[in-house]
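Trainee: I would like to go through this chain with you. Where should we begin?

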Amino acid sequence: FELVLLLVFVMFEFIFGLSAVGSPFVVLILAFFGVFSGAGASCIILNWGLKGVFYLLLVILPCYTITAAILVKCCCLSIRTSLILLNSILQKDIIKRNYCDFKEYVLNYLILIVPILIGVIISTILFKIFCTFLIVA
């Protein structure tokens with residue numbers, strides 16, 4: 001489930017980066033991720049108390065640190081590409097240059113999928129290791 005959610009956030013950032021007016025929406029997606037992450041963390045702490053704090057620090061925080069860094073990088077790429085498109089529309093820029101920027105944009109997003117998978121794998125391993133000690137006990 002975590003992988004699907006992360007890929008949905010990244011997909012929306014990718015799509016809004018392809019729009020000339022998508023920059024504000026890219027920032028909103030990053031804000032939504034922060035709000036959802038904080039709400040999820042607070043629910044864990046409220047429901048499980050001190051065990052929830054340890055669970056949050058040992059299992060969730062390492063993955064969210066990687067994920068937040070990736071989403072900020074995606075946000076920067078999307079805003080840059082969106083502003084390049086807006087600039088090319090306003091100045092009637094050459095299409096060949098935009099095609100090269102588009103190839104670079106897609107390649108950067110494909111490269112960023114690898115750390116997303118690594119973060120999810122780390123989260124799964126940590127969940128398997130610490131879940132029985134923190135939640136069941």
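Mentor: We shall take the overall fold, then the interior, the surface and some spatial neighbours. Please keep in mind that this is a predicted model.

Trainee: How many helices and strands does the chain have?

Mentor: The chain has four helices and zero strands. Read from one end of the sequence to the other, the pattern is α-α-α-α.

Trainee: And what percentage of the residues count as buried?

Mentor: Of the chain's 137 residues, 31% are in the buried class.

Trainee: Let me ask about helix 1. What span does helix 1 reach, and what is expected?

Mentor: Helix 1 covers residues 2–17, which is 16 residues. The distance from its first C-alpha to its last is 23 Å, close to the 22 Å expected at 1.5 Å a residue.

Trainee: Which residues of helix 1 are buried?

Mentor: The buried ones are Leu6, Phe9, Val10, Glu13 and Gly17. Viewed down the axis of helix 1, the buried residues fall within an arc of 90°, so they line one face of the helix.

Trainee: Why would residues three or four places apart point the same way?

Mentor: An α-helix has 3.6 residues a turn, so residues with that spacing point the same way.

Trainee: Now the interior. How many residues has the largest nonpolar core, and which have the most contacts inside it?

Mentor: The largest nonpolar core has 14 residues, and Val10, Cys74 and Tyr109 have the most contacts inside it. At least two residues of this core are supplied by each of helix 1, helix 2 (23–48), helix 3 and helix 4. Helix 4 gives the largest share, five residues.

Trainee: Turning to the surface, which residues make the nonpolar patch?

Mentor: Leu7, Leu110, Ile113, Leu117, Ile121, Ile125 and Ile129 make a nonpolar surface patch of about 590 Å².

Trainee: Which helix contributes the largest share of that patch?

Mentor: Helix 4, residues 95–136, contributes the largest share, with six residues. Ile125, one of the patch residues, has its place in helix 4. With a relative accessibility of 46%, Ile125 counts as partly exposed.

Trainee: Staying with helix 4, is Gly119 buried or exposed?

Mentor: Gly119 lies in helix 4 and is buried, at a relative accessible area of 1%. That value is under the 20% cut-off for the buried class. The C-alpha atoms of Gly119 and Pro62 are 7.9 Å apart in space, although the two residues are 57 apart in sequence.

Trainee: And Glu104? Where is Glu104 found?

Mentor: Glu104 is also found in helix 4. Glu104 is partly exposed, with a relative accessible area of 36%. From Glu104 to Leu77 the C-alpha separation is 9.8 Å, with their positions 27 residues apart in sequence.

Trainee: What about helix 3? Where does Ala68 fit in?

Mentor: Ala68 is found in helix 3, residues 50–91. Ala68 counts as partly exposed at 29% relative accessibility. Ala68 and Ser37 are 31 residues apart in sequence, while their C-alpha atoms lie 9.8 Å apart.

Trainee: One last residue. What is the C-alpha separation of Phe54 and Phe130?

Mentor: The C-alpha atoms of Phe54 and Phe130 are separated by 9.4 Å, and the two residues are 76 apart along the chain. Phe54 has its place in helix 3, and it counts as partly exposed at 42% relative accessibility.

Key:
Residues are numbered from 1 along each chain as its sequence is written. This is a predicted model: local features need pLDDT of at least 70, side-chain atom pairs count only at pLDDT 80 or more; totals for chains, interfaces and linings use all residues. Side-chain values use heavy atoms; hydrogens and water are left out. Patches are made of residues with over 30% relative accessible area and no salt bridge: like charges are joined within 9 Å, nonpolar side chains (Val, Leu, Ile, Met, Phe, Trp, Tyr) within 5 Å. Accessible areas come from the Shrake-Rupley method with a 1.4 Å probe; for residues, only the protein chains shown count as cover. A salt bridge is a side-chain nitrogen of Lys or Arg within 4 Å of a carboxyl oxygen of Asp or Glu. Buried means under 20% relative accessible area, exposed over 50%, partly exposed in between (1.4 Å probe, protein chains only). The expected span of a helix is 1.5 Å times one less than its number of residues. The arc is that of the directions from the helix axis to the C-beta atoms. A nonpolar core is a set of buried Ala, Val, Leu, Ile, Met, Phe, Trp, Tyr and Cys residues joined through side-chain atoms within 4.5 Å.
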